[in-house]
Amino acid sequence: LTPKTVKNIRLQDGYKITEMTDGSEVHSKTIIIATGIQYTQLGIPRLDKFTGAGVYYGSASIEAHACKNEIVYIVGGGNSACQAAMHICKFAKEVNIVIRRESIKNTAANYLVENISRTPNINVLTQTEVISVEGDKVLENITLKNSTTGEEKIVPAKALFIYIGAKPGTSWLNDIVLKDEKGFIITGSDLIKEKSFNIFWKLERKPFLPETSVPGIFASGDVRSTAQTGISSAVGEGAMAIRFVRKYLENM
């Protein structure tokens, strides 16, 4: 149904009812929520030109192999950025973490900070930011600026990974399904870890892998808590969700 916007989901007489902003409704036995995430954008001119062609948001696990023996930059100093660095460094010649703060210790877990400090091909560029990107059809160079000295320098870069935050596409979704503190939808075995599991889950079987706290409502892709981000993972999860939808309907 395009172009339509969903405003809510409710349960009624055994049906999941998807409410649209125009007042229309869709009644179904199952729902798959695949609304993804929205990454915080890096405010650099012409950056969009290279998205998917050297500039990537949260897809280190997918693109790491393409960075073999190359120089790579990661913007962001949180746990996700550091985990990406630890993964990419297995393939890349050099991984540079770019942060605005004085130390990565202020933004990442201690074990990640220690692992990074012991990894010879990972560098942490503090008080630094990326101010421009250049290239023909794909990313070739980026310009770094030191916020303390004001010094600017152009460096070659095969890839620029951006990890400065992301929000799940669940702002429209009411509390019908269980979400984590960041708004990502909790599914499968992660539901069992919740203290309230025995309160909201009344079936004898365990939740299916992509199933939410409401039997028959599934989540797939980046919107799902603990999901591995990236298009390839999302496509695989979507196919898996369909398989479990069929299984759910067969068991009804």
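**Close-up views of a predicted model**

**View 1. Strand 2 and strand 3 form an antiparallel pair****.** Strand 2 covers residues 15-20, and 4 bridges join strand 2 to strand 3 in the antiparallel sense. One position to look for is K16, which lies opposite S28 of strand 3. The model shown in this and the following views is predicted.

**View 2. Three strands make an open antiparallel sheet****.** The 3 strands are arranged in the order 1-2-3. Strand 1 (6-12) and strand 3 (25-28) are at the edges and have a single partner strand each, so one side of each has no neighbour in the sheet. On average, neighbouring strands here are turned by 20 degrees against each other, with direction ignored.

**View 3. Five strands make an open parallel sheet****.** The order of these 5 strands is 6-13-7-8-9. Strand 6 (55-57) and strand 9 (122-125) are the edge strands, and each of them pairs on one side only. From one strand to the next, the twist averages 20 degrees.

**View 4. Strand 7 pairs with strand 13 and with strand 8****.** Strand 7 (residues 71-75) and strand 13 (residues 159-162) run parallel and share 4 bridges. Within this pair, I74 stands opposite F161 of strand 13. Helix 2 packs on the sheet and touches strand 7, strand 8 (94-98), strand 9 and strand 13. The direction of helix 2 makes about 170 degrees with that of strand 7. Strand 7 and strand 8 are also parallel, with 5 bridges between them. In strand 8, I97 is the bridge partner of I74. Of the 5 residues of strand 8, 4 are buried, so strand 8 is largely enclosed by the rest of the structure.

**View 5. Helix 2 and helix 3 cross****.** The axes of helix 2 (residues 79-88) and helix 3 (residues 110-117) come within 10 Å, and the crossing angle is roughly 35 degrees. The crossing of these two helices is left-handed. On the helix 2 side, the residues that meet helix 3 are N79, C82, Q83 and M86. Their counterparts in helix 3 are Y111, L112, N115 and I116. The residues of this contact comprise 5 nonpolar, 3 polar and no charged.

**View 6. The largest nonpolar core has 25 residues****.** The residues with the most contacts inside this core are I74, I88, V95, I104 and F161. At least two residues of the core come from each of strand 7, helix 2, strand 8, helix 3 and strand 13. Helix 2 supplies the largest share, 5 residues. A second, separate core has 21 residues, among them Y39, L42, Y57 and I162.

**View 7. F161 and the residues it touches****.** Residues up to four places away in sequence are not counted here. The contacts of F161 include Y56, S59, A60, E63 and C67. F161 also touches V72, Y73, I74, V75 and I88.

**View 8. T170 lies in a loop****.** This loop runs between strand 14 (166-168) and helix 4 (189-192). Is T170 buried or exposed? T170 counts as buried because its relative accessibility is 6%, and the cut-off for buried is under 20%. With neighbours within four places in sequence left aside, T170 is in contact with K179, G183, I185 and V223.

Methods
Residues numbered from 1 in each chain as written. Predicted model: local features only at pLDDT ≥ 70, side-chain atom pairs only at ≥ 80, totals over all residues. Heavy atoms only, no water. Axes fitted to C-alpha atoms, helices over the stretch in contact; angles between N-to-C directions. Left-handed = near helix turned anticlockwise from the far one by under 90°. Contact = heavy atoms within 4.5 Å. Nonpolar A, V, L, I, M, F, W, Y, C, P; charged D, E, K, R; others polar. Pairing = 2+ DSSP bridges. Core = buried A, V, L, I, M, F, W, Y, C linked by side-chain atoms within 4.5 Å. Buried < 20%, exposed > 50% of the residue type's maximum accessible area, 1.4 Å probe, protein only.
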